[in-house]
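Me: I would like a close look at a single part of this structure. Please describe that part in one connected account.

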Amino acid sequence: MTKNEIELAPNAALLVIDVQKGFDDASYWGPRNNPAAEANIAALMDAWQQSGRPVVLVRHASLTAGSVLAADRPGHAFKDFVADRAGQESLLITKTVNSSFYGTPDLAAWLTAEGIGQLVVSGIQTNMCVETTARMAGNLGYDVLVPLDATHTFDLAGPEGLRLTADELATATAVNLQGGGFARVVGTAELLAASGSPAQVTA
């Protein structure tokens, strides 16, 4: 296997994190990056379902006042392309914090019961719930792959006027995850090739 090739376990789990309608509200979140994210997530879901590998859907139920992701808001619902593919997932998790490992039902317990040791982590937001979940998975000893082009995020303000664009935050996530040894950052096309699926990547 060459450096650029990926070997996928037969039971590698695809995590699709927080791909919810509330993230379409630009007035709430601001500018985003990677308009191809949704198409790439859809391609991964198709590939995983076609190959019989497990798909885990994760949904955020925000406890923040006024959040578009609150459980009683329309934005809590999955985006249509995920909803259209739902029903075949192996597990559906609801969480109120960044990490998918702190949700209901318990992700780690399910992975252990299923004998799953490899995770592919996709979804929204790159530097928030995707990165937090990938970091924790790496700490727990899983083999973690993050297709950065199957994630997206938003511009973000920090302390003392510091602000990073969505692309800058995604770059930081890639460096944090792979440079820090938490995960391997890969592309959707590489994962599709490794899965043996005819699904196509969107550039």
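Reply: The following account concerns one helix and its surroundings. The model is predicted, so that local features need pLDDT of at least 70 and side-chain atom pairs count only at pLDDT 80 or more, while totals for chains, interfaces and linings use all residues. Residues are numbered from 1 along each chain as its sequence is written, and side-chain values use heavy atoms, with hydrogens and water left out.

Helix 6 spans residues 166-179; helices (H or I, at least four residues) and strands (E, at least two) are DSSP runs, numbered from the N terminus. Its 14 residues reach 19 Å from the first C-alpha to the last, close to the 20 Å expected at 1.5 Å a residue (the expected span is 1.5 Å times one less than the number of residues).

A166, L169, A170, T173, A174 and L177 are buried in helix 6, where buried means under 20% relative accessible area and exposed over 50%, with partly exposed in between (1.4 Å probe, protein chains only). These buried residues lie on the same side of helix 6 because they cover an arc of only 145° around the axis, the arc being that of the directions from the helix axis to the C-beta atoms. On the other side of helix 6, D167, V175 and G179 are exposed.

The buried residues of helix 6 pack against helix 5 (126-139) and against four strands: strand 6 (143-147), strand 8 (156-157), strand 9 (163-164) and strand 10 (184-186). Contact here means heavy atoms within 4.5 Å. Just after helix 6, G181 adopts a positive phi of about 80°.
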